[in-house]
Amino acid sequence: MATDITKLTKDTLAKGGVLVVLYFDLHGNTKELLQNLGTGFVDRMLKEPGVIFALGEIEEPIEERGIHSTSIEIKVLTTSFLALMNICALYSPFSLEILKPSEIHLSIENAHELLISVGSTTMDYKKYIIQNISKPEDVAKYKQAMQNKADVGKRLLEKKGKVE
């Protein structure tokens, strides 16, 4: 079994994969809740695109003033740096340590994908915040700005079609 994981890791790294340890904190009302949350957390991560394996270790929870807290270390092997970035965007680790490789090289195509993914994730967060926290008039302004953005994009695509 260990040699299978070693081979899988080596093969994945050779194709641009990344082996990383992600650190998270969890808080809840009971120790059992935290252990269940931690287990579910790792299970959800295993199903994310680009995740080859994820192995989590949950620290013994501590209790203070009725709140239980713990940390989780999850060793994750991803198919690419982009897949790792998406995991970080979705799960928000408080820290991480890239174990392998010792250097990350990105093609221009991969750099574009990475930056577009960051932009898209940021836009999703802005949209959520504006739609759920802002005043109705600010939501209306945001929706109009998004419509304007779509219109500009459509014009650019039409213009590009005419040039080629």
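Helices and strands are DSSP runs, numbered from the N terminus. In this predicted model, strand S5 spans residues 95-100 and includes Leu96. Leu96 is partly exposed, with a relative accessible area of 39%. That value lies between the 20% limit for buried residues and the 50% limit for exposed ones. Leu96 also contributes to a nonpolar patch on the surface. Its partners there are Ile98, Ile104 and Leu106. The patch covers about 290 Å².

Two of these patch residues, Ile104 and Leu106, reappear at the largest pocket. This pocket has a volume of about 200 Å³. Its lining consists of 16 residues. Those nearest the centre are Gly16, Phe81, Ile104, His105 and Leu106. Two helices each supply at least two lining residues: H3, residues 81-91, and H4, residues 108-133. Helix H4 gives the most, with three residues. By class, the lining holds seven nonpolar residues, six polar ones and three charged ones.

The backbone shows some less common geometry. Most residues other than glycine have a negative phi, and most peptide bonds are trans. A cis peptide bond, however, links Lys100 to Pro101. Its omega is about 0°. Pro101 sits in the loop between S5 and H4. Ser92 has a positive phi, near 50°, although this residue is not glycine. Ser92 belongs to the loop between H3 and S5. Arg65 also has a positive phi, near 55°. Arg65 is placed in the loop between strand S3, residues 62-64, and strand S4, residues 67-78.

Arg65 takes part in a salt bridge as well. Its partner is Glu64, and the closest N and O atoms are 3.9 Å apart. The pair counts as a salt bridge because the limit for such a contact is 4 Å. Both residues are exposed. For Arg65, the relative accessibility is 78%.

A search of the whole structure gives four salt bridges. Another of them joins Lys7 and Asp11. Here the closest N and O atoms are 2.8 Å apart. Both residues lie in helix H1, which covers residues 2-14. They are four residues apart, about one turn of the helix. Lys7 is exposed, at 53% relative accessible area. Asp11 is partly exposed, at 32%.

Lys47 and Asp43 form a further salt bridge. Their closest N and O atoms are 3.0 Å apart. Lys47 is exposed, with a relative accessible area of 62%. Asp43 is partly exposed, with a value of 38%.

Strand S4 contains Leu77. How far is Leu77 from Leu13, in sequence and in space? The two are 64 residues apart in sequence, while their C-alpha atoms are 8.6 Å apart. Is Leu77 buried or exposed? Leu77 is buried, with a relative accessible area of 0%. The value falls under the 20% limit, so Leu77 meets the criterion for a buried residue.

Definitions and conventions:
Residues numbered from 1 in each chain as written. Predicted model: local features only at pLDDT ≥ 70, side-chain atom pairs only at ≥ 80, totals over all residues. Heavy atoms only, no water. Patch = residues over 30% accessible without salt bridge, like charges linked within 9 Å, V, L, I, M, F, W, Y side chains within 5 Å. Areas by Shrake-Rupley, 256 points an atom, 1.4 Å probe, with all protein chains shown as cover. Salt bridge = Lys/Arg side-chain N within 4 Å of Asp/Glu carboxyl O. Buried < 20%, exposed > 50% of the residue type's maximum accessible area, 1.4 Å probe, protein only. 1 Å grid on protein atoms, 1.4 Å probe; cavity = no way out; pocket = protein on both sides within 12 Å on 5 of 7 lines; lining within 4 Å. Points joined across faces, edges and corners; volume = space filled by probe spheres on them. Nonpolar A, V, L, I, M, F, W, Y, C, P; charged D, E, K, R; others polar.
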